[in-house]
Amino acid sequence: MDQLRRLLLQPSSPLRVLSAKKSLASLNRCSHFSSSSSESQISYSHLIEHLEENPNEPATGTTISVDRSGLYNPTEHSHEQNSESELVKHLKGIIKFRGGPISVAEYMEEVLTNPKAGFYINRDVFGAEGDFITSPEVSQMFGEMVGVWALCLWEQMGLPNKVNLVELGPGRGTLIADLLRGASKFKNFTESLNIHLVECSPTLQKLQHHNLKCTEEDNTGENVEKRTISTLAGTPVSWHSALEQVPSGLPTIIIAHEFYDALPVHQFQRASRGWCEKLVDVAEDSSFCFVLSPQPTPASLFLMRRCKWAAAEEIAKLEHMEVCPKAMELTSTIAKRISSDGGGALIIDYGLNGVVSDSLQAIRKHKFVDILDNPGSADLSAYVDFASIRHSAEEASEDVSVHGPITQSQFLGSLGINFRVEALLQNCTEEQAESLRTGYWRLVGDGVAPFWEGPDEQAPIGMGTRYLAMTIVNKKQGVPAPFQ
């Protein structure tokens, strides 16, 4: 093991000296936030040592990561439009046609995925120029570590020669691209992959096609459907609008990173007559407003199901509750697929391992705004209820096991991100070193980086303890890395 670690940390070129005020020692002072022992990291070093040695387009030092779960800013209102947008007219039309308010979940779904004006449909919302930043956009190391997890699971599955690798909501395709680049030396693994991207946005599909460096296969044979191939690893790529469209029959590895948080939630509020669903209506001044349902709604059945999974004393403390039927249904679909085809799923998101109270929030240009203000111009997301995911999976199939959640810091640390960043720092420019260090902190740290000496508004904010990781796997494969 010591020999493996020395090999892993050995620089492939002369060591670049970091700037005097930001040395490797300061990085080491904060590395304990990955919260895993060196023994647990070393167990995966035989994989990490083969990752590409040079930093691949790391996030620039000026990029600011917004932690949606911890940052607070007073909500802002947008007064840019003098006339109502098409989406606002559409929402008001639905309410008028129904003769009453709609659920928060229906409002959220229209705002995010309306085919003509949904937030995710016609724009690139990720990165410094977008509305928020996700972990893959912070550093290449995130995708590389997810690749190590997938490779370990593939080994536990018995090294199958064909595997479906599915990502739900791939964003720009950055995670899969970094995964493929990092795993490119493991030819048996990459040659086994059939990549399936579940994405409803035509704009993001084009970005994914570009970032995966896709090309159409030159196939002159008759009656043979042309395939799209990612030249990063010679891997076939397909796009789908739903998980159910991904072909079954092959062992399947599913990645859901910051996907569950965008699934529509129903909100409930405790009132004198019991739990009432919070609804969206049109006020007298023609603005949107919240109202409470006068009687039980269809979503109340999911509320009852969620309460059944929780302790009575936990529910008694709450004045608000959120339930996500689509998360329950998606988890059931995932569990059944893994039960029948083998494989596993990795879910990483910000959330709680218990009942979620009142977490729905809107972000526009990296700032929190009012949820009902100018719908379609801001991202809506809610905390993920990991306990609900566990119960949904276990109820769907007796053939799967659920592990976690653990913090993102523990997940990445146990897979060897500490060794990876140390190796990359020994073969990079000074600018790349700065980006690697700040990216590392954002992935595994907690709060504002203690080593930061630049402007306060650019200080890296750690997401390591606010994001959680959970896996659902076929029981035949044992306990997956790094949840042992």
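Here are some worked exercises on the predicted model shown above.

**Exercise 1: the whole protein**

Work out how many helices and strands the protein holds, and what share of its residues is buried.

*Solution.* Start with the secondary structure: the protein has 18 helices and 20 strands. Next, turn to burial: of the 484 residues, 58% are buried. Then look at the surface, where the accessible area is about 20,800 Å² and carbon and sulfur atoms hold 50% of it. Finally, take the contacts with a separation of 6 or more: 76% of them link residues 24 or more positions apart.

**Exercise 2: strands around β9**

Find which strands pair with β9 (residues 274–282), taking β1, β8 and β10 in turn.

*Solution.* Begin with β1 (residues 102–103), which runs antiparallel to β9 and is joined to it by two bridges. Here I102 has V280 as its bridge partner. Move on to β8 (residues 266–271), which is also antiparallel to β9, with four bridges; F268 is matched with E277. β8 and β9 make a hairpin with two residues between them. Last comes β10 (residues 288–292), antiparallel to β9 through five bridges, among them the one between V282 and F288. The β9 and β10 hairpin has five residues between its strands, and S286 there adopts a positive phi near 75 degrees.

**Exercise 3: a three-stranded sheet**

Determine the strand order in the open sheet of β13, β14 and β15, and say which strands stand at the edges.

*Solution.* First, the order is β14-β13-β15, with antiparallel pairing. Second, β14 (367–369) and β15 (379–381) each have a single partner strand, so they are the edges, and one side of each lacks a neighbour in the sheet. Third, the twist from one strand to the next averages 40 degrees. To check one pairing, follow β13 (residues 361–364) to β15: three bridges connect them in the antiparallel sense, and I363 finds its bridge partner in D379.

**Exercise 4: two helices that cross**

Classify the crossing of α12 (residues 300–309) and α15 (residues 386–396).

*Solution.* Take the geometry first: the two axes come within 10 Å and cross at roughly 95 degrees. Since 65 to 115 degrees counts as roughly perpendicular, α12 is roughly perpendicular to α15. Now list the residues in contact: R305, R306, K308 and W309 from α12 meet A387, S388, H391, S392 and E395 from α15.

**Exercise 5: cysteines**

State how many disulfides the structure holds, then label C307 and C324 as buried or partly exposed.

*Solution.* The disulfide count is zero. C307 has a relative accessible area of 23%, so C307 is partly exposed. C324, at 12% relative accessibility, is buried, because the cut-off for buried is under 20%.

Note on methods: Residues are numbered from 1 along each chain as its sequence is written. This is a predicted model: local features need pLDDT of at least 70, side-chain atom pairs count only at pLDDT 80 or more; totals for chains, interfaces and linings use all residues. Side-chain values use heavy atoms; hydrogens and water are left out. Two strands pair if DSSP finds at least two bridges between them. Axes are lines fitted to C-alpha atoms, for helices over the stretch in contact, and angles run from 0 to 180 degrees between N-to-C directions. A disulfide is a pair of cysteine sulfur atoms within 2.5 Å. Buried means under 20% relative accessible area, exposed over 50%, partly exposed in between (1.4 Å probe, protein chains only). Contact means heavy atoms within 4.5 Å. Accessible areas come from the Shrake-Rupley method with a 1.4 Å probe; for residues, only the protein chains shown count as cover. Angles under 35 degrees count as roughly parallel, over 145 as roughly antiparallel, 65 to 115 as roughly perpendicular and the rest as oblique.
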